[in-house]
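Here is a short set of questions and answers for someone new to this structure. They deal with how its chains meet.

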Amino acid sequence: MRSPKVIPTLLLTLMSGLAVAQGESVAELAYALDTFALLMCAVLVIHMKPGFALLEAGLHGSKNVINIFMKNYATFAIAGIAFWAVGFSIMYGSSLFISGYEADLYPGAADFFFQMVFAATAATIVSGAIGGRMKFGAYLVFAVVMTAVIYPFLGSWHWGGGWLEALGFYDFAGSSVVHAVGGFAALGGVLAVGPRLGRYIGGRVKAMPGHNMPLAGLGVFLLWIGWFGFNGGSQLAFSSVADAQAIATVFLNTNFAAAAGAAAALLLSWGVYRKPDFSMTLNGVIAGLVSITAGPDVINGIWAIVAGAIGGVLVFGSILLLDRLKIDDPVGAISAHGTAGIWGTIAVGVFGGANIGVQVIGTLAYSLAAFAGSYALFMALKATIGLRVDAKEEVTGLDVAEHGAAGYLNADSLNDPVLVGAGD
Amino acid sequence: MRSPKVIPTLLLTLMSGLAVAQGESVAELAYALDTFALLMCAVLVIHMKPGFALLEAGLHGSKNVINIFMKNYATFAIAGIAFWAVGFSIMYGSSLFISGYEADLYPGAADFFFQMVFAATAATIVSGAIGGRMKFGAYLVFAVVMTAVIYPFLGSWHWGGGWLEALGFYDFAGSSVVHAVGGFAALGGVLAVGPRLGRYIGGRVKAMPGHNMPLAGLGVFLLWIGWFGFNGGSQLAFSSVADAQAIATVFLNTNFAAAAGAAAALLLSWGVYRKPDFSMTLNGVIAGLVSITAGPDVINGIWAIVAGAIGGVLVFGSILLLDRLKIDDPVGAISAHGTAGIWGTIAVGVFGGANIGVQVIGTLAYSLAAFAGSYALFMALKATIGLRVDAKEEVTGLDVAEHGAAGYLNADSLNDPVLVGAGD
Amino acid sequence: MRSPKVIPTLLLTLMSGLAVAQGESVAELAYALDTFALLMCAVLVIHMKPGFALLEAGLHGSKNVINIFMKNYATFAIAGIAFWAVGFSIMYGSSLFISGYEADLYPGAADFFFQMVFAATAATIVSGAIGGRMKFGAYLVFAVVMTAVIYPFLGSWHWGGGWLEALGFYDFAGSSVVHAVGGFAALGGVLAVGPRLGRYIGGRVKAMPGHNMPLAGLGVFLLWIGWFGFNGGSQLAFSSVADAQAIATVFLNTNFAAAAGAAAALLLSWGVYRKPDFSMTLNGVIAGLVSITAGPDVINGIWAIVAGAIGGVLVFGSILLLDRLKIDDPVGAISAHGTAGIWGTIAVGVFGGANIGVQVIGTLAYSLAAFAGSYALFMALKATIGLRVDAKEEVTGLDVAEHGAAGYLNADSLNDPVLVGAGD
């Protein structure tokens, strides 16, 4: 923030009569615009971090909010370091290792930064599904392995130029690479850790509603906002007319699908329950977004609406089905990211011209591999450091049990707090 | 997110010696910058959606928060589809219908996307004012008609090149077209649905304070942030020196007016109540922003401060007046958007060089037409599907009555929840 | 939002064959990109305003949330006017006074707008540290003097081209100029106003944990997001290849340091308390960010991680030390901004090639001067209008005592509210 560097602009002016220098200037400007746009899109994606944290916190009990925020902060911090130290080179080849790495259209640092926030997203999807009963330390180990190895290895299959890329698989921004991977890794975690205490008693599902709907409502708005960076930024270039047209199309189709997913889940819950349901509507938004993420550049207009609406219907059915199977996902992450992620990938075949067979192969490969890797990892953690807090801690809540503090204090207890946060 | 498209940049470099190709490249870059900037501004405007939801939720009781979020989500979803299917062509003429539509400076999709978030804003303004007592289904019908017909039809008068445009009416970003329209549509809704139970008993106004001030406080910060996209993006072009100067001026004047509106309402409430009032300060921010929205490019510096401060004073008086008239607006939307919207439009005549008479005609036309259209629609709904929940539902709260779930659960009730959210 | 201005683009196309005009066009585009990027960065920085408000609100009791939001709104409003009317010319010289002022790379309005949000940040840092016991009016006077005089005068030493600039002092985005200044101004305020009632009884520190951790958790995510604008925007130029590379590096190093600060504080609290602590982790994020703020362009990769981690360790120790000294900072602002600000400034010497001696001189000068100026001002306020609310008001909470309203109402009290907000 010292004196602005005026030299480049002065140079531009001085060189104005020189066509050759001019060409360099135009290419330079394109490089600068591509860089700035990619960084802004990455910052939009980072909005998804508080988005997930708020959604998960709101849909859990008030006794688990600190634990949820701690997991989300830790995931982003871990991704920021582990994906740099290890993951990026696994995903994009050793020659792309970040030190000295240069991309074509913008600095390597910008490219890495954008890819890193995707790795963090894939891992974060898991944190909500296993909420309320997993040990904090066990989750941290998962987050390290997920962002350093699992996500990068799976990502290499397509975005790293691997076998799915060779097959012609198409996943523009990650319906499979990020969301199905995250959603089915969540399934692995949920099966390994088991349902929350008291969730399934006899043949019945006990409702365990979230404690704070405004948090959840804000969270999904932040996800919606962040998704424009997620999908729009995945164009990876911004400075040509064709790129500009593609990005505008991507923004619009992303919004169409989110709106349609919300509308479908809202109306379906209204029909089935006789009341329009809030958490279903929120999951409808996410499912709509995930459903367009593989093809926001090629599934256009009315078809983006249809794809998103189908996502909204699928997430509704998937949430009910998982509960029937006694698979306890407190936030619906397996359904909104996993189920909708498979659908979104196939939708590019149905509506966007990709080869349906290849899309099916690719998304199943991603889903199965993510599930298997995650499940194996969580079971290994279960056999070693332990995966689940004990029953008393779960009833008390992870905030006090794992972090020694309460997420909320009311006015009365403030005058004589019984719960004392360490470090306060 | 596959391999970046390097071809355009390579081409740029190869063409660097060719002056003609060079010219195309510069125009191409300008197109790309205009596109990206407009999309970023649209995303900023979308921050206003959680902004409104949080403000409204915070200023209502805790029993109505799900209903408020559901209305805000539904409004944005509806606008995203209805303004595309119907509204845009009404507002900008059939030749501009979105399919195949191309704008001059950027893709048609970007232009539509930006205009759509404005339509959503106009409708959302209404949701808070009629909060706590209107049937969800009736509101949804309103949101469809508002974003598909009322707002587009009224918008066509000015931004669509209609009679007010021909008269020389000036409303840069929508003090009248969006905010007075939204505010007076809210007045129509409030008169049709009536005040909340117990609000006006005998000659007295019973205070019904909101339940969560941090939500309201966050909401207005998001509105303030979003407004930079709202006003700044309304320049609609970003790649010339003149445009850049205009946009910087717009950002600065927008902030001046918001700051002044906050300060004026804070100080006025301090003087009148002997204590600086929070909800008045929040409405002062909004009123300040609305007051500059018609002329952020032409009301400069000290005059932006004066315009915003007058808005802060007017919103204070307007809120008191409406309560005296037994017009129950729980969030102050009629005053902050309607009253300040009229003032902001006239302010362009007073401080910005526009014809005052035309400004008065235009803003009154917008206010009256929006009120009349909204009132007629809501009265038609009252006569058919019904507008208001029954008294028992209103006392229970719309969250349980309309959506079958509670917005909050405390720690005790979590162990044995009595309120069970459908779909959880 | 009227018809887009197509003339510039048409002109660009028409001029495409003219190399000279071409040169002007490229310079024009660079100017437009620089302007837009700086404005977007400023808007990101504004995300830090709700960030601070939420963090402070969450870490205080529920009886003080309105007061905290009021201070944060007032600070931003005051900065927006006072830094324009007075502060900017003090900081950058009278020739740069905003009227007619033009910067080199973008409009003067954009330059001022960006600098203004920094002034607001410096003042806002203080509001949390003195929370819960200072009179609202006294704080307002401080905010005016801070943004109009203290911050601008101190800022002139470096960014205004003063004696520290002449010495070769290096502070890219303000580890000292903004954060140490804010942190040590906070220390002045805390010493002047004294600790909260009951905080230090006998030789013991009574824990007074915050009432709402989700608010604090969201707040720090917003700070993290805003910091990309804070550090990235401080490059002040965006349209050359060198600038693009610098900005991408800045974004990445900023994130490295935040991640490392979080990780260090999390792990350290885990080791010391046997439980990973949430508020320490949050302060670790902030300390990591402050630690890189002086040199995000020159402290690269692993060294950014090391610098951030040291910041996370220092904030932990600093918070414990201040409590031992009975210096009551409810939010840790003195440690996260002051202590880490000193470290971050020195870190540019250790890891970034700056002269360590000059860095030490500069940061100590900033810290001492900010402390002295703030302490003198607050003591003067104490001797005149009074600094502290009386004990009864402090126990009641500042929301009711100073603003006549409650921050929260529960469902029961809503049916018959005993606390009535003025103006509702």
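Q: In this predicted model, what makes up the area buried between chain C and chain B?
A: About 6500 Å² is buried between chain C and chain B, and carbon and sulfur atoms give 75% of that area. Helix α2 (residues 19–46) of chain C supplies the largest share of the side of chain C that touches chain B, 14 residues. By class, that side of chain C divides into 50 nonpolar, 18 polar and 7 charged residues.

Q: How do you know that chain C and chain B are in contact, and how many residues take part?
A: Contact means heavy atoms within 4.5 Å. The contact takes 75 residues from chain C and 88 residues from chain B.

Q: What does the rule find for salt bridges across the interface of chain C and chain A?
A: A salt bridge needs a side-chain nitrogen of Lys or Arg within 4 Å of a carboxyl oxygen of Asp or Glu. Between chain C and chain A the rule finds 0 of them, so no pair there meets that definition. Polar contact is a separate count, and it gives 8 residue pairs between chain C and chain A (both at pLDDT 80 or more). On the side of chain C that touches chain A, the largest share, 17 residues, comes from α10(C). The classes on that side are 56 nonpolar, 21 polar and 11 charged residues.

Q: Which residues of chain C lose the most area to chain A?
A: Chain C and chain A bury about 6500 Å² between them. In chain C, the residues that lose the most are C:Pro209, C:Pro214 and C:Phe221, together 10% of what that side buries.

Methods:
Residues numbered from 1 in each chain as written. Chains lettered and ligands numbered in written order. Predicted model: local features only at pLDDT ≥ 70, side-chain atom pairs only at ≥ 80, totals over all residues. Heavy atoms only, no water. Buried area = accessible area lost by both parts, 1.4 Å probe. Helix = DSSP H or I, 4+ residues; strand = E, 2+ residues; numbered from the N terminus. Nonpolar A, V, L, I, M, F, W, Y, C, P; charged D, E, K, R; others polar. Polar contact = N/O pair within 3.5 Å; in protein donor to acceptor, adjacent residues only side chain to side chain.
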